[in-house]
Amino acid sequence: MHVLYEKSPREEGHSRRVSQLCFAIGAELGMEHDDRIELAKVGLLHDIGKISIPSEILNKSQPLLPWEWKEIHGHPINGHRFLSAVVGMAEIAEATLAHHERMDGTGYPYGRRGQQIPFMARIVAVADAYDAMVSARPYRHAYSHSQALQELQRGAGKQFDAQVVKAFTGLACREIA
């Protein structure tokens with residue numbers, strides 16, 4: 001992960017925030033502490049496959065070109081390969097592979113849908129999307145917290161697991177209050 005963070009310092013903060021959000025969502029969903037720890041690990045490692053993507057693409061200040069998007073879309077497969085090689089990381093590797101799949105089957109890399117997507121990956125998808133939306137990028141402004149929640153709710157059942165979005169929304173509303 002340090003190599004990735006050196007290539008793209010933005011990735012470090014993103015990974016840490018996603019990890020924290022995953023842990024909190026797991027608590028909101030009533031998951032056991034050990035399961036939340038595993039979930040936080042997935043959040044921390046979900047983008048490890050980006051280590052094989054050139055820095056020029058990771059840090060590009062303009063919108064990506066189609067061939068650059070193709071490179072980005074390969075990061076879940078690369079992450080799965082890296083993590084599968086480590087003893088005891090099979091479940092984390094599977095969640096990493098599936099964190100960009102969508103409930104309606106239009107995600108990547110394999111177009112899995114619904115229950116075919118590991119539950120941990122469905123949680124990471126919400127945490128990852130939220131953090132990406134509320135973080136400014138060189139090519140777009142950050143969404144407000146409210147705008148990001150609206151986008152998650154709009155995607156519930158299509159892009160995101162509706163149960164996870166509901167848990168995240170409940171958690172987010174309590175954090176603000």
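This report describes the salt bridges of a predicted model and the surroundings of one buried methionine.

**Salt bridges**

The model holds ten salt bridges when the side-chain nitrogens of Lys or Arg and the carboxyl oxygens of Asp or Glu are paired within 4 Å. Three of these pairs are set out below, each with its N to O distance.

| Basic residue | Acidic residue | N to O distance |
|---|---|---|
| Arg16 | Glu12 | 3.0 Å |
| Arg17 | Asp131 | 2.5 Å |
| Arg112 | Glu94 | 3.7 Å |

The pair of Arg16 and Glu12 lies within helix 2, which covers residues 9-28, and because the two residues are four positions apart there, about one helical turn separates them. Arg16 is partly exposed, with a relative accessible area of 41%, and Glu12 is likewise partly exposed, at 29%.

The salt bridge between Arg17 and Asp131 has its N and O atoms 2.5 Å apart. This pair links distant parts of the chain, with Arg17 in helix 2 and Asp131 in helix 8, 114 residues apart. The two partners fall into separate classes of accessibility: Arg17 has a relative accessible area of 33% and is therefore partly exposed, whereas Asp131, at 4%, is buried because its value lies under 20%.

In the third pair, the side chains of Glu94 and Arg112 meet at 3.7 Å, N to O. Here too distant parts of the chain are linked, since Glu94 belongs to helix 7 (residues 90-98) while Arg112 sits in the loop between helix 7 and helix 8, 18 residues apart. Glu94 is partly exposed, with a relative accessible area of 31%.

Beyond these pairs, Glu11, Asp47 and Lys50 are joined to one another in a network of salt bridges.

**The surroundings of Met133**

Helix 8 spans residues 119-134 and includes Met133, and Asp131, the salt-bridge partner of Arg17, is placed in helix 8 as well. Met133 has a relative accessible area of 12%, and is therefore counted as buried, the limit for that class being under 20%.

When neighbours within four places in sequence are left aside, the residues in contact with Met133 are Arg140, Ala142, Tyr143, Ala148, Glu151 and Leu152. Ala167 gives a further point of reference for the position of Met133: the two residues are 34 residues apart in sequence, and their C-alpha atoms are 18 Å apart in space.

Notes:
Residues numbered from 1 in each chain as written. Predicted model: local features only at pLDDT ≥ 70, side-chain atom pairs only at ≥ 80, totals over all residues. Heavy atoms only, no water. Buried < 20%, exposed > 50% of the residue type's maximum accessible area, 1.4 Å probe, protein only. Contact = heavy atoms within 4.5 Å.
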